[in-house]
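Open the structure in your viewer and keep the selection box ready. Each stop below says what to select and what is to be found there.

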Amino acid sequence: MGATTVHDLAHKMAALAVAAVDPERLVRDELQRRLAGRLHAESVLAVGKAAAGLARGVRGIFSGSPRQLLIRPHSSPALLDPGWEQVSGGHPLPDRQSAAAGARLHDWLAQIDPAHTLLALISGGASSCVELPAPGLTMDDLAAAHKALLGSGLPIGRVNAVRKHLSALKGGGALRLVRGKVVALLLSDVPGDDPSTIASGPFAADPTTYADALEAIESLRVKTGLDAVRRHLAAGARGELPETLKPGAPALEQVDAALIGSVKNAVSAVSGEAWRKWLRAEEGSLDGEAAETGRRLVAHGRSMSGDRVVLVWGGETTVTLGLRSGRGGRNTELALAAADALREGAPAGARELVLALATDGEDGPTRKAGALVDGATWEAVRKAGIDPAEALGRHDSLTALAAVHGALLETGPTGTNVGDLAIYLRLPA
């Protein structure tokens with residue numbers, strides 16, 4: 001296979017991965033399975049980056065006209081359906097419209113008849129696009145905390161432990177407003193698929209505490225604008241504020257929660273295509289610091305025997321930002337580090353590449369989905385007048401890779417969201 005075919009195969013694998021987590025199909029399949037149990041819902045809620053696709057999966061399922069509310073980030077696809085009330089909020093940072101969406105959700109949930117069933121369709125991105133600050137906090141307080149947490153390098157579980165203890169809706173807060181049955185279908189974008197972490201668990205128990213959240217905040221390098229947040233969490237740790245909903249709480253008996261999709265579906269789609277192409281495939285988890293993980297991906301891929309191999313990892317890496325940082329996201333940073341590893345030591349007679357992809361089509365604060373790099377990318381960046389090592393060190397991966405034709409992946413918002421994929425592909429030259 002020539003170089004063009006290798007790149008085409010990588011793009012095809014990425015497209016199959018995104019198709020495998022189509023929220024409309026995942027919801028429809030789950031609801032049709034549950035119809036045997038005579039499921040009926042008088043109210044339907046769809047939230048997060050995949051809200052529009054999740055909502056489409058409900059179309060034609062229930063008789064009558066259920067109350068329907070959709071809340072999504074501003075940049076995520078809208079739903080062309082007048083039967084749904086739709087609002088949007090900020091992402092990755094909450095904004096004033098996030099607060100308006102939170103207030104609307106609070107009132108909407110409180111109006112549900114105790115004899116009725118709520119179908120809640122939950123996807124990632126809801127931690128910022130819908131928000132209601134805990135008493136005593138403002139949206140500015142929450143935005144400052146979100147901003148500091150996103151560049152902290154902390155895993156998503158610790159990040160969301162803080163978010164849940166600053167919000168009236170997260171950590172089971174939304175469930176406390178509902179008196180009837182809740183069927184929650186979850187599209188996971190977090191490693192481990194923990195319901196309490198997906199969208200910060202609006203209808204789930206929260207095993208974390210104020211003390212956990214305070215510890216996470218105290219570990220942050222950036223302290224500016226966090227005084228009110230720190231005071232709030234400290235008061236909670238002293239027992240002066242009510243905790244989030246805990247495992248074993250009676251309210252949880254009214255919840256029927258199910259995971260309908262995750263990055264595992266996307267990973268399986270890639271490895272399945274590899275086997276169909278007679279490639280040796282191996283799956284794994286994507287975690288750790290993005291740059292370190294990019295190099296580790298290449299090393300692991302090169303350790304696999306054979307000349308036709310695919311290594312695909314799914315999950316989420318972290319990036320610990322300094323006080324001065326350039327432009328980029330987790331996936332472009334992973335890809336640039338992988339380009340460094342690919343430039344030397346390739347197996348004889350082999351063509352290698354690495355593709356790093358945000359399945360939602362938005363790699364962090366960028367408008368790119370990720371990047372595709374090979375053994376020539378690092379030198380191509382240098383020839384464009386950019387020092388790739390310096391760019392990587394100051395987290396300016398987007399600037400570096402934008403200088404190389406075809407390196408950046410542009411999909412636009414995909415309408416789904418299950419985290420990130422990293423693919424190492426090797427074929428004969």
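Start by selecting helix α10, residues 263-276. Its buried residues are Val-263, Ala-266, Val-267, Ala-269, Val-270, Ser-271, Glu-273 and Ala-274. Buried means under 20% relative accessible area, exposed means over 50%, and partly exposed is in between, with a 1.4 Å probe and protein chains only. Helices (H or I, at least four residues) and strands (E, at least two) are DSSP runs, numbered from the N terminus. An α-helix has 3.6 residues a turn, so residues three or four places apart point the same way.

Now set a distance across α10: its 14 residues reach 20 Å from the first C-alpha to the last, close to the 20 Å expected at 1.5 Å a residue. The expected span is 1.5 Å times one less than the number of residues in the helix. Then select Trp-278, just after α10, where phi is positive at about 65°.

A note on the model before moving on. This is a predicted model, in which local features need pLDDT of at least 70 and side-chain atom pairs count only at pLDDT 80 or more, while totals for chains, interfaces and linings use all residues. Residues are numbered from 1 along each chain as its sequence is written, and side-chain values use heavy atoms, with hydrogens and water left out.

**The whole protein**

Zoom out. The protein has 15 helices and twelve strands. Its radius of gyration is 22 Å, close to the 22 Å that the globule rule gives for 429 residues, so the protein is as compact as a globular protein of that length. The radius is taken over C-alpha atoms, and the globule rule is 2.2 Å times the number of residues to the power 0.38. Turn the C-alpha trace along its principal axes, where it spans about 65 × 50 × 35 Å.

How many of the 429 residues count as buried? The share is 57%. Contact means heavy atoms within 4.5 Å. Among contacts with a separation of 6 or more, 79% are between residues 24 or more positions apart.

Colour by charge next. There are 46 positive and 48 negative side chains, and the centres of the two sets lie 2 Å apart. Lys and Arg count as positive and Asp and Glu as negative, leaving out His and the chain ends; each charge is placed at NZ of Lys, CZ of Arg, CG of Asp or CD of Glu.

**Helix α12 and the loop before it**

Select Glu-316, in the loop between β8 (309-315) and α12 (330-342). Is Glu-316 buried or exposed? Glu-316 is buried, with a relative accessible area of 15%. Show its contacts, not counting residues up to four places away in sequence: Ile-156, Asp-189, Pro-191, Leu-286, Asp-287, Gly-288, Arg-330 and Asp-420.

Follow the chain into α12. Twelve of the 13 residues of α12 are buried, so this helix is largely enclosed by the rest of the structure. The buried residues include Asn-331, Glu-333 and Asp-340. The end C-alpha atoms of α12 are 18 Å apart, which agrees with the 18 Å that its 13 residues should span at 1.5 Å a residue.

**Two alanines**

Select Ala-126, in helix α5 (residues 126-129). Ala-126 is buried, with a relative accessible area of 5%. Leaving aside neighbours within four places in sequence, Ala-126 is in contact with Val-47, Gly-48, Lys-170 and Ala-199. Add Ile-71 to the selection: Ala-126 and Ile-71 are 55 residues apart in sequence and 7.9 Å apart in space, C-alpha to C-alpha.

Move to Ala-228, in helix α9 (residues 227-237). Ala-228 is buried, with a relative accessible area of 19%. Its contacts, leaving aside neighbours within four places in sequence, are Leu-137 and Asp-141. The C-alpha atoms of Ala-228 and Asp-141 are separated by 6.7 Å, with their positions 87 residues apart along the chain.

**Backbone angles in the loops**

Select Pro-92, in the loop between β3 (85-89) and α4 (96-110). The peptide bond from His-91 to Pro-92 is cis, with omega near 10°.

Go on to Ser-200, in the loop between β5 (181-187) and α8 (210-218). Ser-200 has a phi near 65°, a positive value in a residue other than glycine. At 0% relative accessibility, Ser-200 counts as buried.

Finish at His-395, in the loop between α14 (388-393) and α15 (397-402). Phi of His-395 is near 55°, also positive in a residue other than glycine. His-395 is buried, with a relative accessible area of 13%.
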